Each structure stands twice: as structure tokens, then as C-alpha cells.
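I set out to record a few look-ups in this model. The entries below follow the order in which I made them.

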Amino acid sequence: RLGGLRHTMPMTSALAVIASLAMAGIPLLNGFLSKEMFYTEALEVGGEGWWRLGISIAALLYGIFGVAYSLRFVMETFFGEAEGPLPRAPHEPPRWMKIPVEVLVLLCVAVGMFPALTVAPVLHAAAGSILGAAMPEYSLAIWHGVNTP
């Protein structure tokens, strides 16, 4: 029933669009890094040919559906047309309700743009405490060039 909320809720709209772009895996947001790592691991799965192909197809479908539901959410809720009158007029939430979303969106941007400064130390400490010397090499970079993942 909702639609066109970008006019009545511009700040919420902007936050939702950035969060949805992160979910879709757009570069310079945290979702791009996680999807690239996910695709890299999906391509390195061992086993029979049919198993590897199935994992690769599942990873591809995961990415496609992630983009699809992100686009659908943003387009229908903020840029689409409302289906009819709403019982109450939409409005921006109070400031205290937006703070958690603002923090999460800020983290999406910070991790996407500065992964080595934001998440790398935490990831290294967490994985290192579990894997020890067996920890595989990994790279948290904004851009690894055009590659298979």
C-alpha cells in the first residue's frame, strides 16, 4: 500500500536507499566486500563437478535475488505510487528512532570505503583466535580488479 514515501520521508528514504545498495553489493559499501568474499569461497569449493556447479549457481542466484529484493523494496516503497489513501499521513520518525539506522548506514559506508581500518583488525582477531596458524590469507580491499568473483 505504501509508495512515494521519498516525498514525505526524505531522510528515511535516503537511509533506506543506501542500506539497500549495500544489501545489493554495490561497490564502496560493505555488501560489496561480503559478496566478493562469498563468491570467492563459492568458487573454491572442492568436490565433484556437479557439486561445484551447484554451489556456483546457488551463489549466483543469491546475488541476483539480493539485488532484486533490494530494488523492489526501494522502488515500490519510496519511488512507486501509493495504492490508495493511507489511514494516517506518513512522516519522518522521531530523531531517537533514526539514530540506530544512521549508525548502521554509516558503518556500511565506512566498512565499504575503509575495510582495512574498520573491520580488518576485528576480523583478524576473531578468525585468528579460532584458526590460529591455519588462518588462510585474505584481502580486504576496496577493489581487487576485474576478477572471477
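In which helix is the place of M23? I find M23 in helix α2. I note that the model is a predicted one.

**Entry on M23 and the nonpolar patch.** I looked up the accessibility of M23 and read 41% in relative terms, so M23 counts as partly exposed; the partly exposed class lies between the 20% and 50% limits. I then looked for surface patches and found M23 in a nonpolar one of about 800 Å². Its other members are L53, I57, L60, L61, I64, F65 and Y69. I also checked which element gives the most to this nonpolar patch, and α4 does, with 7 residues.

**Entry on S13.** I next turned to S13, which helix α2, spanning residues 10-24, also contains. Is S13 buried or exposed? I recorded a relative accessibility of 6%, and S13 therefore counts as buried. Setting aside neighbours within four places in sequence, I listed R6 and F78 as the contacts of S13.

**Entry on G80.** I located G80 in a loop, the one between α4 (49-79) and α5 (95-113). I read 19% relative accessibility for G80, which therefore counts as buried, since the buried class is under 20%. Which residues does G80 touch, not counting those up to four places away in sequence? I noted G3, G4 and M75. For the pair G80 and G4, I took the C-alpha separation as 5.2 Å, although their positions lie 76 residues apart along the chain as a sequence offset.

Notes:
Residues are numbered from 1 along each chain as its sequence is written. This is a predicted model: local features need pLDDT of at least 70, side-chain atom pairs count only at pLDDT 80 or more; totals for chains, interfaces and linings use all residues. Side-chain values use heavy atoms; hydrogens and water are left out. Helices (H or I, at least four residues) and strands (E, at least two) are DSSP runs, numbered from the N terminus. Buried means under 20% relative accessible area, exposed over 50%, partly exposed in between (1.4 Å probe, protein chains only). Contact means heavy atoms within 4.5 Å. Patches are made of residues with over 30% relative accessible area and no salt bridge: like charges are joined within 9 Å, nonpolar side chains (Val, Leu, Ile, Met, Phe, Trp, Tyr) within 5 Å. Accessible areas come from the Shrake-Rupley method with a 1.4 Å probe; for residues, only the protein chains shown count as cover. A salt bridge is a side-chain nitrogen of Lys or Arg within 4 Å of a carboxyl oxygen of Asp or Glu.
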